[in-house]
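This report deals with aromatic rings and nonpolar cores. Look at the sequence and the structure before reading on.

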Amino acid sequence: MMNIGTNYKNGGSYMRRVIDAPSTYIQGPGEIKKLAEHYRSIGEGEVLLIMDRFVHDAYRDAAAESFEKEEISWKEEVFTGECCEQEITRLAGLAENCGAVFGIGGGKVQDTAKAAGHYSGKPVILVPTAVSTDAPCSRIAVLYREDGTFDRYLSLKRNPDLIILDTEIIAHAPVRLFTAGMGDAISTYYEAFACRRNGAVTRAGGSVSIAAEALAKACLDTVLAYGEQARKDVENRLCTEAVENIVEANTYLSGIGFESGGLACAHALHNGLALLPELSSVMHGEKVAFCTLVQMVLEGRPEEEISKIRGFCRKVGLPVSLEDMHAGEIPEHRLFEAAARSCSPEETMRNIGRDVEPEEVVRVMKRLSK
């Protein structure tokens with residue numbers, strides 16, 4: 001473990017605190033009709049709109065009306081391919097004479113817009129239509145190959161310039177996406193706490209700041225306080241205060257919290273489990289929720305605290321066992337392979353402050369699944 005006192009006297013790198021965040025974050029009902037108005041605050045000239053097919057069919061006219069009203073020209077591209085180098089290069093070329101790149105839709109559309117803006121040097125404006133992960137605020141894009149297999153993480157020059165969430169759209173998205181975002185958000189505090197306690201370096205390139213940990217704690221508190229009601233409201237397609245609170249927690253509080261607060265066991269184990277084809281239909285946040293419980297056990301947290309998080313997950317429909325993810329029949333040797341990946345040097349398992357062996361991870365996963 002890092003000797004904090006010695007490093008402080010020597011001006012160690014742990015003193016460097018970095019917070020990455022989008023320049024501006026806006027959320028509220030009806031914001032899809034104000035895209036051009038918000039764009040004027042950061043740029044001018046024609047814009048490139050990248051939309052997935054569903055968004056184009058459902059919300060294209062509302063977005064277009066916004067730009068017509070402000071007399072801003074636009075060109076649109078319907079995203080039907082993959083967030084891969086070839087598609088990104090094509091879109092970056094289209095963006096060269098534009099004032100900004102908009103990514104309107106799901107995660108792959110957003111990452112494609114981030115990467116196209118990165119390579120073209122243009123501002124990036126993201127309009128998520130669901131809050132299933134905390135990725136919109138981050139300075140990372142996940143790239144895939146043309147066949148859909150994972151390629152690499154692309155580190156960007158900066159975070160997106162503007163995030164706009166229309167919470168009426170979010171409230172009409174599938175409830176499973178909304179719930180998965182809460183699973184991702186729950187991990188934020190536990191991983192940031194581990195990183196701060198153990199002097200880990202975050203994805204932002206520094207140690208955990210007071211602000212990052214405070215945002216991570218606010219994220220957890222908000223999800224636990226409003227998550228159950230918000231889920232019910234989204235089931236009824238209602239945009240309520242509870243929904244607004246969870247949208248902010250899933251997106252902004254968790255997004256800043258993970259990037260500037262750090263990752264530990266929960267996301268390391270997620271990456272290991274992602275190697276199992278049987279879990280390909282389990283969403284990122286669903287796996288992370290279960291992996292957060294594993295981290296809590298590995299850290300030796302009180303049983304009462306673990307039961308509280310487990311109980312919340314059950315109430316909102318997040319998995320708390322391998323069986324919940326339809327993974328109960330996976331042979332132990334293959335669980336070991338996933339656990340071994342999570343404990344590898346390139347992962348963040350070490351940020352819980354001690355060495356963890358794959359055998360221990362498998363034991364905890366199976367213990368939680370009894």
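In this predicted model, pairs of rings join Y39, F67, W74 and F102 into a cluster. One member of the cluster, Y39, also belongs to a separate core of 20 residues, the second one, which includes I32, I72 and I104 as well.

The number of aromatic pairs in the model is seven. One of them is formed by Y189 and Y190, with an edge-to-face arrangement: the centres are 5.4 Å apart and the planes meet at 70 degrees. The arrangement is called edge-to-face because an angle over 60 degrees between the planes counts as such. Are Y189 and Y190 buried or exposed? Y189 has 13% relative accessibility and Y190 has 2%. Both count as buried, because the limit is under 20%.

Two rings have a charged side chain over them, as the table lists.

| Charged residue | Ring | Distance to ring centre |
|---|---|---|
| K217 | Y189 | 5.9 Å |
| R301 | F193 | 5.1 Å |

Y189 therefore takes part in the pair with Y190 and lies under the charged end of K217, while being buried by the 20% limit.

Nonpolar side chains in soluble globular proteins tend to be buried together. Here the largest nonpolar core holds 79 residues. Within this core, F178, L273, V294, L298 and M365 have the most contacts. Helix α11, residues 284–298, supplies the largest share of the core, with nine residues.

Which residues does F178 contact, apart from neighbours within four places in sequence? They are V131, I170, A230, R231, V234, V243, I246, V247 and N250.

Terms used. Residues are numbered from 1 along each chain as its sequence is written. This is a predicted model: local features need pLDDT of at least 70, side-chain atom pairs count only at pLDDT 80 or more; totals for chains, interfaces and linings use all residues. Side-chain values use heavy atoms; hydrogens and water are left out. Rings of Phe, Tyr and Trp (its six-membered ring) pair if their centres lie within 6.5 Å; planes under 30 degrees apart count as stacked, over 60 as edge-to-face and the rest as tilted. Buried means under 20% relative accessible area, exposed over 50%, partly exposed in between (1.4 Å probe, protein chains only). A charge sits over a ring if NZ of Lys or CZ of Arg is within 6 Å of the ring centre and within 35 degrees of the ring normal. A nonpolar core is a set of buried Ala, Val, Leu, Ile, Met, Phe, Trp, Tyr and Cys residues joined through side-chain atoms within 4.5 Å. Helices (H or I, at least four residues) and strands (E, at least two) are DSSP runs, numbered from the N terminus. Contact means heavy atoms within 4.5 Å.
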